[in-house]
Amino acid sequence: MSRLKNKTALITGGNSGIGLATAKEFLEQGANVIITGRSAAALEKAKKELNGQVHTILSNAGNLNDIRSLAKEVQQITPHLDVLFVNAGIGKFAPVEAVTEEHFDEQFNTNVKGAFFTIQQLLPVIKDGGSIILNTSVAAHMGMASSSIYSATKAALLNLARTLSTELLPRKIRVNAISPGPIATPILDKTGLTAEQVEGFKSSIQTQVPIGRMGDPSEIAKVATFFASDDSSFVLGTELIADGGMVTL
Ligand SMILES: NC(=O)c1ccc[n+]([C@@H]2O[C@H](COP(=O)([O-])OP(=O)(O)OC[C@H]3O[C@@H](n4cnc5c(N)ncnc54)[C@H](OP(=O)(O)O)[C@@H]3O)[C@@H](O)[C@H]2O)c1
């Protein structure tokens, strides 16, 4: 249980779902962990759930001013980071005719612009030889109706893992992506769908997963641990699809 001993990791959107499960797993593997989130109350709740062991930073991943001050705030806690898990993200669904500029901008601002500038602004504090992990989605590989904007944001991140791995070669910083299939987290409750619609979506999506169930956030946390640890020292610019076979089979 010490695959991340002596490493410091920052997880964006670490107060819920996959980010929270990853914070828990990283702590168990011996890392120092910082989580960010856009709600002070949610961060405090997560900190309690993690027995007070994490540092928290209030930072909106869709706001460039917040992102610009992130490195300074990190340095008040630690001089450097070994691992950055770019996880904060939102998913909203609408058929093409119903997509508004707001729907487009909200998702691109958080999922792509926020991800890119978080990496750019934190690069000075990421150690040479560090690991950056992007949380994408199997949606990037599918033609799922009503998900054009969400899927496009995730497809953009997949390429970022490769281009940035090339650009960061001189610093030996590896950039990789995780593409989860459907994972049981609160994300669907934030889509604007009714509780009934969410339940309908969950039961229908389960039938599309060959393994016969949704994933647990802890199963993605373990993949993140692989990319964060030296076990993946020869792995860069790639993607690990963890989807119960949804697009792989
Ligand atoms: N669950 C799935 O089926 C699934 C599948 C594939 C990929 N993913 C990806 O996995 C990542 C994590 O999602 P999740 O399923 O764990 O959902 P979640 O439980 O809603 O977690 C998302 C986290 O990101 C945070 N976040 C959202 N917008 C933010 C912003 N502007 N600034 C800072 N934090 C922000 C959320 O904060 P709040 O608590 O304030 O909302 C929350 O902590 C997302 O990028 C998602 O696209 C999820």
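In this predicted model, a backbone N or O atom of Ile 18 lies 2.7 Å from an oxygen atom of the ligand. Two further residues, Arg 38 and Ala 61, also place polar atoms beside the ligand, as the table sets out.

| Residue | Protein atom | Ligand atom | Distance |
|---|---|---|---|
| Ile 18 | backbone N or O | oxygen | 2.7 Å |
| Arg 38 | side-chain N or O | oxygen | 2.8 Å |
| Ala 61 | polar backbone atom | nitrogen | 2.7 Å |

Taken alone, the ligand exposes 870 Å², and the protein buries 94% of that area. The space that the ligand takes is the largest pocket of the model.

The shell around the ligand holds 28 residues, of which Ser 16, Ala 61, Tyr 150, Thr 185 and Lys 190 come nearest. By residue class, this shell divides into 15 polar, ten nonpolar and three charged residues. Two helices, α1 (17-28) and α5 (148-167), each supply at least two residues of the shell.

As for annotation, the unreviewed UniProt entry carries the feature "domain: Ketoreductase", which covers residues 7-181. Over that range, 7-181, the chain of the model is 43% helix and 21% strand, and the C-alpha atoms at the two ends are 28 Å apart.

Note on methods:
Residues numbered from 1 in each chain as written. Predicted model: local features only at pLDDT ≥ 70, side-chain atom pairs only at ≥ 80, totals over all residues. Heavy atoms only, no water. Near = heavy atom within 4 Å. Polar contact = N/O pair within 3.5 Å; in protein donor to acceptor, adjacent residues only side chain to side chain. Areas by Shrake-Rupley, 256 points an atom, 1.4 Å probe, with all protein chains shown as cover. 1 Å grid on protein atoms, 1.4 Å probe; cavity = no way out; pocket = protein on both sides within 12 Å on 5 of 7 lines; lining within 4 Å. Sits in = over half its atoms within 2 Å of the grid points. Helix = DSSP H or I, 4+ residues; strand = E, 2+ residues; numbered from the N terminus. Nonpolar A, V, L, I, M, F, W, Y, C, P; charged D, E, K, R; others polar. UniProt positions renumbered as here; feature names shortened; annotations may be inferred.
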